[in-house]
Amino acid sequence: MRKVFLFMDTTVNKVDAKGRVSLPADYRAMVKELNSEIVCYRSLTSPCIEGCLEDLLDKLAKEIEDSTDFFSETQDNLTNLIFGDAKRYTFDSTGRINLSEKLLKHAEITDTAVFVGKGRKFQIWNLENWEKEEARIRAEVMKNRPVLRKDNEAK
C-alpha cells in the first residue's frame, strides 16, 4: 500500500530577523522521509508564498507544456513567473528555512508566518492577511455549498 503524503494543518511560527522560519514538524518529517526538498515561489494569485515538493513542480511543468504551445506567450508567462521565481530550500539542523527577502516582501511577512496545508502544496501567509482570507473563503463556501462529483459523473 502506497503511503500518502499531504501538507495539512495551519501552523503559526515566528520569523527571525534574518528571515528564518521553522517548517512545521510534520512537513520536515515528510521531506526527510521522501528524501526531497521544499520548493517555494511567490503565489500568482494571492499575497502569499506557495510551497511544495519538487515532484509537484515537475508535474506542473508537464501540464503547462501539454496544455500550451511551446512558444506561446501564455507558456512563457507561466514558466517565467513560477520557475523563474522558484527556489529549493533545505532546512537546517533546527528545522528552519531561510526565506528570501523577495518572498517575504511579496507575502508581507515580517515576524510571524502562517503555514497553511493545501494537500500536495502549502502556503505561507502573513497572519493578518491569512485571517482575512480564511474568513473570505469560509463565507464563500458557506454561501455556495460546493458539491464534489464522483469520477463517473459528467463534469
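Helices here are DSSP runs of H or I at least four residues long, numbered from the N terminus. Keep that in mind as you move through this predicted model.

**Stop 1: helix α2**

Select residues 54–67, which make up helix α2. Then pick out K59 and E63 inside α2. They sit four residues apart, about one turn of the helix. Show their side chains. K59 and E63 form a salt bridge, with the closest N and O atoms 2.6 Å apart. Buried or exposed, or in between, for K59? K59 is partly exposed, because its relative accessible area is 40%. E63 also counts as partly exposed, at 41% relative accessibility.

**Stop 2: helix α5**

Go to residues 127–144, helix α5. Select E134 and R138, both in α5. Again the spacing is four residues, about one turn of the helix. This pair forms a salt bridge too, and its closest N and O atoms are 3.6 Å apart. The two ends fall in separate accessibility classes. E134 counts as partly exposed at 29% relative accessibility. R138 counts as exposed at 55%.

**Stop 3: a salt bridge across the chain**

Side chains of opposite charge can pair when their charged atoms come close. Select R96 and D16. They form a salt bridge, with 3.6 Å between the closest N and O atoms. This pair links distant parts of the chain: R96 lies in strand β6 (residues 96–98), D16 in the loop between β1 and β2 (20–22), and 80 residues separate them. R96 counts as partly exposed, since its relative accessibility is 23%. D16 is partly exposed as well, with a relative accessible area of 25%.

Now add R20 and D92 to the selection. Which residues make up the salt-bridge network here? D16, R20, D92 and R96 are linked in it. For the whole structure, a search finds 13 salt bridges.

**Stop 4: strand β4 and its partners**

Select residues 49–53, strand β4. How many of its five residues are buried? Five of the five are, so the strand is mostly covered, with buried meaning under 20% relative accessible area. Color the two faces separately. I49, G51 and L53 lie on one side, and E50 and C52 on the other. Both faces are covered.

Add residues 38–42, strand β3. β3 and β4 run antiparallel and are joined by five bridges. They form a hairpin, with six residues between the two strands. For a register check, select C40: it stands opposite G51 in β4.

Now add β8, residues 121–125. Strand β8 pairs with β4 in the antiparallel sense, over four bridges. Stay on G51 for the register: it stands opposite F122 in β8.

**Stop 5: two positive phi values**

Check the backbone torsions next. Most residues other than glycine have a negative phi. Select N35, in the loop between α1 (25–34) and β3. Its phi is positive, near 50 degrees, and it is not a glycine. N35 counts as exposed, because its relative accessibility is 72%.

Then select E108, in the loop between α4 (101–106) and β7 (112–117). E108 has a positive phi of about 55 degrees although it is not a glycine. E108 is partly exposed, with a relative accessible area of 47%.

**Stop 6: two threonines**

Select T112 in strand β7. T112 is buried, with a relative accessible area of 15%. Its side chain makes a polar contact of 3.5 Å with the side chain of D111. Leaving aside residues up to four places away in sequence, what does T112 touch? The contacts are V12, N13, K14, V15, W125, N126 and L127.

Move to T10 in strand β1. T10 counts as partly exposed, at 39% relative accessibility. With residues up to four places away in sequence left out, T10 touches V114, F115, V116 and W130. For a distance check, select K32 as well. The C-alpha atoms of T10 and K32 are separated by 20 Å, and the two residues are 22 apart along the chain.

**Last stop: a nonpolar patch**

Show the surface and select V4, L6 and M8. They make a nonpolar surface patch of about 290 Å². V4 is found in the segment before β1 (10–14). V4 counts as exposed, because its relative accessibility is 57%.

Definitions and conventions
Residues numbered from 1 in each chain as written. Predicted model: local features only at pLDDT ≥ 70, side-chain atom pairs only at ≥ 80, totals over all residues. Heavy atoms only, no water. Patch = residues over 30% accessible without salt bridge, like charges linked within 9 Å, V, L, I, M, F, W, Y side chains within 5 Å. Areas by Shrake-Rupley, 256 points an atom, 1.4 Å probe, with all protein chains shown as cover. Salt bridge = Lys/Arg side-chain N within 4 Å of Asp/Glu carboxyl O. Buried < 20%, exposed > 50% of the residue type's maximum accessible area, 1.4 Å probe, protein only. Pairing = 2+ DSSP bridges. Polar contact = N/O pair within 3.5 Å; in protein donor to acceptor, adjacent residues only side chain to side chain. Contact = heavy atoms within 4.5 Å.
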